[in-house]
Amino acid sequence: MPPTIRTIKACGVEAAGGAWDAVRVPRSAGLDALTILGHRSGAVLEDPAAPALYFFIPRGTVAEWDVGGTRILGADDYVVIPPDRRTQGPGPHWRICPVPDAWTTDATVLEAALRDAVTARAGRIR
C-alpha cells in the first residue's frame, strides 16, 4: 500500500480498490440518492470542484455497473480524502463523516437508490 500523500488542505490521496471501492456520482443525483438512502448510507465525500459525491462500497462487490453518469473507482484510481471531521469546504469535505467499521454503503442498495434518483430527476426535467 503506497504511503498517504498530504495535499495543501490536509487531505490525503488514497487508492481505491484497497479497503474500499468508490462510486463517483454527479452532485445533484448524489444528493437525491443520499436522501433516499437515509441511515443506510456509509461515508459520503463531496468534491465541490467536480462537482461530485463519492460513496464508498465494499471492495470488489460490483462486477457490472450501468447507472448513467456514475463511475466505479477501483484499482488504479485515487480519491482525495479530507480529515475525518471536515464537513465544509473549501475543497473536499464529508457529507457523512466516516465512522470506523461503517465506511461503506451496500452496493446493491446504493445502485437502487441511484437508479431511483436518476429516474426521478429525469421526470422533473421533462
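**Figure 1. Trp20, Phe56, Trp94 and Trp103 make up one aromatic cluster.** The view is taken from a predicted model. In the structure as a whole, a search finds 5 aromatic pairs. One of them joins Trp20 and Phe56 in an edge-to-face arrangement, with 4.8 Å from centre to centre and 80° between the planes. Trp20 belongs to strand β3 and Phe56 to strand β5, so this pair ties together parts of the chain that are 36 residues apart in sequence. Phe56 has 0% relative accessibility and therefore counts as buried. Trp20, at 5% relative accessibility, also counts as buried, because the limit for that class is under 20%.

**Figure 2. Trp20 and Trp103 form a stacked aromatic pair.** The ring centres are 6.1 Å apart, and the planes make an angle of 5°. Trp20 lies in strand β3, whereas Trp103 lies in the loop between β8 and α2 (107-125), so the pair ties together parts that are 83 residues apart in sequence. Is Trp103 buried, partly exposed or exposed? Its relative accessibility is 21%, so Trp103 counts as partly exposed.

**Figure 3. The surroundings of Trp103, a residue of the loop between β8 and α2.** Leaving aside residues up to four places away in sequence, Trp103 touches Trp20, Phe56 and Trp94. The other residues that Trp103 touches, with the same neighbours left aside, are Gly42, Ala43, Ile81 and Pro98. Ile57 and Trp103 are 46 residues apart in sequence, and their C-alpha atoms are 7.9 Å apart in space.

**Figure 4. An open sheet of 5 strands, in the order β6-β3-β5-β4-β8.** The pairing in this sheet is antiparallel. Its edges are formed by β6 (71-73) and β8 (93-96), each of which pairs on one side only. From one strand to the next, the twist averages 30°. Helix α1 (residues 27-37) packs on the sheet and touches β3, β4 (44-47), β5 (52-58) and β8. The direction of helix α1 makes about 50° with that of β5.

**Figure 5. Strand β3 (residues 20-26) and its pairing with β6 and β5.** With β6, strand β3 pairs in the antiparallel sense over 3 bridges. Here Arg24 stands opposite Arg71 in β6. How many bridges join β3 and β5? These two strands pair over 7 bridges, again in the antiparallel sense. Val23 stands opposite Phe55 in β5. In a regular strand, side chains alternate between the two faces of the sheet. Of the 7 residues of β3, 5 are buried, so this strand is largely enclosed by the rest of the structure.

**Figure 6. The largest nonpolar core, with 17 residues.** Which residues have the most contacts inside this core? They are Val23, Val25, Ala33, Phe55, Trp65, Leu110 and Leu114. The elements that contribute two or more residues to the core are β3, α1, β5 and α2. Helix α2 supplies the largest share, 5 residues. Apart from residues up to four places away in sequence, Ala33 touches Phe55, Ala113, Leu114 and Ala117.

**Figure 7. A second, separate core of 12 residues.** Among the residues of this core are Ala16, Ala22, Phe56 and Leu73. Phe56 is also part of the aromatic cluster with Trp20, Trp94 and Trp103.

**Figure 8. The whole chain, given as context for the close-up views, has 2 helices and 8 strands.** Along the sequence, these elements follow the pattern β-β-β-α-β-β-β-β-β-α. The chain has 126 residues, of which 36% count as buried. Among contacts between residues at least 6 apart in sequence, 75% join residues at least 24 apart. The chain exposes about 7,200 Å², and carbon and sulfur atoms supply 53% of this area.

Technical notes: Residues numbered from 1 in each chain as written. Predicted model: local features only at pLDDT ≥ 70, side-chain atom pairs only at ≥ 80, totals over all residues. Heavy atoms only, no water. Pairing = 2+ DSSP bridges. Helix = DSSP H or I, 4+ residues; strand = E, 2+ residues; numbered from the N terminus. Axes fitted to C-alpha atoms, helices over the stretch in contact; angles between N-to-C directions. Contact = heavy atoms within 4.5 Å. Phe/Tyr/Trp six-rings, centres within 6.5 Å; stacked < 30°, edge-to-face > 60°. Buried < 20%, exposed > 50% of the residue type's maximum accessible area, 1.4 Å probe, protein only. Core = buried A, V, L, I, M, F, W, Y, C linked by side-chain atoms within 4.5 Å. Areas by Shrake-Rupley, 256 points an atom, 1.4 Å probe, with all protein chains shown as cover.
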